[in-house]
Each structure stands twice: as C-alpha cells, then as structure tokens.
Amino acid sequence: MKKSSPAVAPLDDTLSPLVLKRVGIDTYRENVAYLHRECHLYRAEGFQALSKVEVRANGQRILASLNVVDDPSIVDCQQLGLSEDAFVSLGLEEGRPVSVSQAEPPASIPALHRKIRGERLERDDYRAIIQDIAELRYSKIELTAFVVACDLGELDREEIFYLSDAMCRVGRRLDWHEQPVVDKHCIGGIPGNRTSMLVVPIVAAHGLLCPKTSSRAITSPSGTADTMEVLANVDLPFEALGEIVRTHRGCLAWGGTSQLSPADDVLISVERPLSIDSPGQMVASILSKKVAAGSTHLLLDIPVGPHAKVRSMPEARQLRKLFEFVAGRMGLTLDVVITDGSQPIGRGIGPMLEARDVMQVLTNHPDAPMDLRQKALRLAGRILEFDPDVRGGDGFGIARDILDSGRALEKMQAIIEAQGAKPFDPESPPLAPHRFTVVAPEDGVVVGIDNLKLARIARLAGAPKALGAGVDMAVRLGDTIKAGQTLYTVYAAFRNELSLAHQSSERDSGVTLGQRDQLMHLNVEM
C-alpha cells in the first residue's frame, strides 16, 4: 500500500502591495525607485542597492534602479518611492498600490561584456544592446561601461553603421511621403551659432520640407530649442508638430517628445558628464535621429578651430569621410561643410541674446551680426541646392533674396504663431538684471577668442536656465582695441552667479590681445 504524504497547508507568500509615492528628485533620464531598509518587501526579496527592479501597477510597468533609504520622511516601510523620471514614466497618481519584483538581467549583457573586452560586435549585438538601453534595462553603471568601451575600442566604420542603424530602428520612425525632406545640423561647440533659426524659415519659405527638432543645452549656454523657447513654445505634442510642418513646411521644436532614437537620449545622459564625444558615437547620435525623423537630405556643419570640438582640417576631413560612409549605408543624402569655428558666431551667448541676434538678421536690422547672417545664407543656399529645380551655385542668391525680401521673416512669424508665440522685442530684450563689463587691459589686436572659456562664463552666469543670462560680445578676431575698451558684457539673474562668472573672467577673460602678425587664418572648405 502506497504511503501517503502528510498534507501541507500552502503558505501565503503574497506580500501586500506598496503605496506609490512621488519623490521629488531629478535623476536625469534614469528611473530610480526608493525602498525603506525595513520594508517587508526589501527584507523578504533580498534586494540590493542599485539592483534593477520591475514596478507594476494597473497594467503599467517600468524598470528602475533601486536606492535604499533609512529616512522615513523620504519613504516609509509601506511605500515605494519613484524619482521624477520614473513617476512620469509609470503614469499613475500617488497613493496607488504597486508591486515590485527583481528584474531579469538584460539579455544583451553578454554582448556588453564582449565589447568591454575589446571584441568587435556584429549587427545583432548592437540591436540587442540598443533595445535594452531604450527600454531602460541598463543601469547607469552598465551604460557607462558601454560608452567607455565604445570610446576606447575605436569602433570601425561598419560597427558605427551597425550602432547608427540600431539606434534609428528603436523608437518612432517618420515618413513624410515626399522628397526631399531636408535638415541641417551642426556638431556643436561654437557659442552663438544659431544658424538653424535662420536656415529653417529661409528653406521653408522656398517650399522645401524642413521638420527641425533640436536638443536643449546640456553643457552649452544655449541650444536651438532653448533660444527658440524665448520666441515660442517648443515642447509640443508630436501630432501638433506634424500639423505645423505640413502647414508651414517647417518647425523649430524640442525633440524630447518625439521618441526619435530614444536610446540616444539615454546614452547622452552618461556621455556628457564624462565629456565623451567620440567620432563613432557622434556619427551614430546625429544620423540615427535624422533618419528616424524622416530626413532624406542633410547638411552637416563641422566647425574647425583651436577651441572647437574639431581642432584641425585633417581631423575634420577624416570625420567628414566617416559621416559620408555611414550616411550612404543608411540611404541619407549628405552634404558636409567645414566652417570656421575659431570664434563665436553672432554677438550673443545665451538664449535671450541669441534670439535678439536671430531676429535682427531676419528683420534686416542695421545692427544685425553679419557673420551670423552670412553663415546662415551659405548654409541655407547649400540646402536649397538639394531642390532638383535649383542649379548648383544658385542657392546662395536665392537664400539672400528670400531673407532680404522679408519672406523669411514672414515664414518665421508664421511658425512662431503656430507653435504659440511669446512676447519678445529684439530692440529691448529682457536681459538678466545683474551685469559687469570686461575691458581690455591694454592696447592691442584681438588674436584669440576661447569658445570654451566664454561658454563657461555664460553658464556660470546662469544660461540657459536663466533665459536673460549670458555674454554679449563686443569684439571679434582682428579688431584693434584700446585699453579700457569693452570686450564683452556678462548678464546674470542672481548676484552669486554674477560673482562666479566674474571670478572666472578675472582668471582668464577668454580674449587674447597681441600683434596683428599673431593672427592665425583658417582656410575652411565652405
């Protein structure tokens, strides 16, 4: 006779759910969850700090990195806290019951480990890694490991194509159902340089489709989106932007809501603090977003100068070849221009000052900065030559006629109104209330202007967070200066920021005076 086993009552191992709490901490593109150390779930599940957890509620789920707290004022033992990013991603109100469990490790981790060892990865490897990154399955530590491994490993051009292709395939990919769809991008590093805000209305007034989505500043005093935000709303629903583009043939908006190449935004969150901007990652970042946005033709601006991202012409030509190879593999028509990056473009450095410069150019104001006008016309002219009805060499003249006739201003005003206009007077922009002036210590010629130094001073003064903060340049390379003459004026919203900017400018003003024979001339290929 078979001996029966004694009946065992099942254990009720279901832990009561936790209550959702919004923790007001900006974790910058990382989902972070907070559990109290004495929480019954924390003790039962054997969680470790910085491990990945899965948070579920009402059919929604997110992945988050776990932080453990001892202060019940942050979260108590019955609560699960979520950082600002995580709370928005989950999309539920406070007080809702949520469940938490340990998350499975990302499937692409073996490929990451091979890249860390210096191995060459294949197309499927990059697709798996980028998919996991876009789904926020990687911790900041794992993201950093991937970025550093790609930087030190010097991706070959096929790997850069694999990375670019993978990044544009994850997320939304647009099709405007016409050609050409044009765009313009600068690799950055030059203060001012708000050419996009002039190129878009010129090109759109001609009739080419130019859906321009731009980033906000991370380490610079202003991005295109920051400056455009002085004039109009830039944080708009994607459907609204689509309607604006179809109606007005262009837009100037922040790209954060469009979900184009979302993995790029996550990677940037670790690249920028590390000051890593390797050629491979730069190419993948730029081209993946342009292809995902539906662009068929791109004009790429590579500024070269002693204080730019690219310091020499050989380096610029090598980068151009890399962009051209990857763009060709991705089916994107690319025109690369190498421009002078030896000094800021325009006079203003900071959102309000840059908006003033842009509007002065559009209104053909006598005080408009000529360098910004000329560069914008040359770039717009090159884009207009993507139009099969425009002969090569005619683009500049067409662009100049559109600007001089007022058609570019009319188009810009239409775009501003469509995006939600804000009051702005370029004759009297509302600059930050505190200021100081930097003057020449002696007679001389301006032989050097440090882009990086001036950008840092503008950021210390509060730009771009304070829209009216920044640096207003009064000199350019080659100017003859007298002792006591103004080099630039710094505007700050608060006295402590004014003091920080002043201390930095006293250590090094960023403007070098010397003799005229010390001027270095850069022969660019514009």
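**Reading labels from a predicted model**

Visitor: What makes Val53 count as buried?

Guide: In this predicted model, Val53 has 0% relative accessibility, and since buried means under 20%, the residue counts as buried. Val53 lies in strand 3, residues 52–57, and, leaving aside residues up to four places away in sequence, Val53 touches Ala33, Phe47, Ile62, Leu63, Ala64, Leu66, Val100, Ser101 and Ala103. The C-alpha atoms of Val53 and Ala33 are separated by 8.0 Å, although these residues stand 20 residues apart along the chain.

Visitor: Why is the pair of Phe161 and Tyr162 called tilted?

Guide: The structure holds one aromatic pair, and its rings, those of Phe161 and Tyr162, have centres 6.0 Å apart and planes at 50°. Rings pair if their centres lie within 6.5 Å, and planes neither under 30 degrees nor over 60 degrees apart count as tilted, so the pair is tilted. Both Phe161 and Tyr162 are buried.

Visitor: How do you know that the charged end of Arg157 sits over the ring of Phe325?

Guide: The charged end of Arg157 is 3.9 Å from the centre of the Phe325 ring, where the limit is 6 Å, together with a direction within 35 degrees of the ring normal. Arg172 likewise has its charged end over the ring of Phe238, 4.4 Å from the centre.

Visitor: What makes helix 14 oblique to helix 15?

Guide: The axes of helix 14 (residues 370–384) and helix 15 (residues 395–404) come within 7 Å and cross at roughly 120°. Angles of 65 to 115 degrees count as roughly perpendicular and those over 145 as roughly antiparallel, so this crossing makes helix 14 oblique to helix 15.

Definitions and conventions:
Residues are numbered from 1 along each chain as its sequence is written. This is a predicted model: local features need pLDDT of at least 70, side-chain atom pairs count only at pLDDT 80 or more; totals for chains, interfaces and linings use all residues. Side-chain values use heavy atoms; hydrogens and water are left out. Buried means under 20% relative accessible area, exposed over 50%, partly exposed in between (1.4 Å probe, protein chains only). Axes are lines fitted to C-alpha atoms, for helices over the stretch in contact, and angles run from 0 to 180 degrees between N-to-C directions. Helices (H or I, at least four residues) and strands (E, at least two) are DSSP runs, numbered from the N terminus. Angles under 35 degrees count as roughly parallel, over 145 as roughly antiparallel, 65 to 115 as roughly perpendicular and the rest as oblique. Contact means heavy atoms within 4.5 Å.
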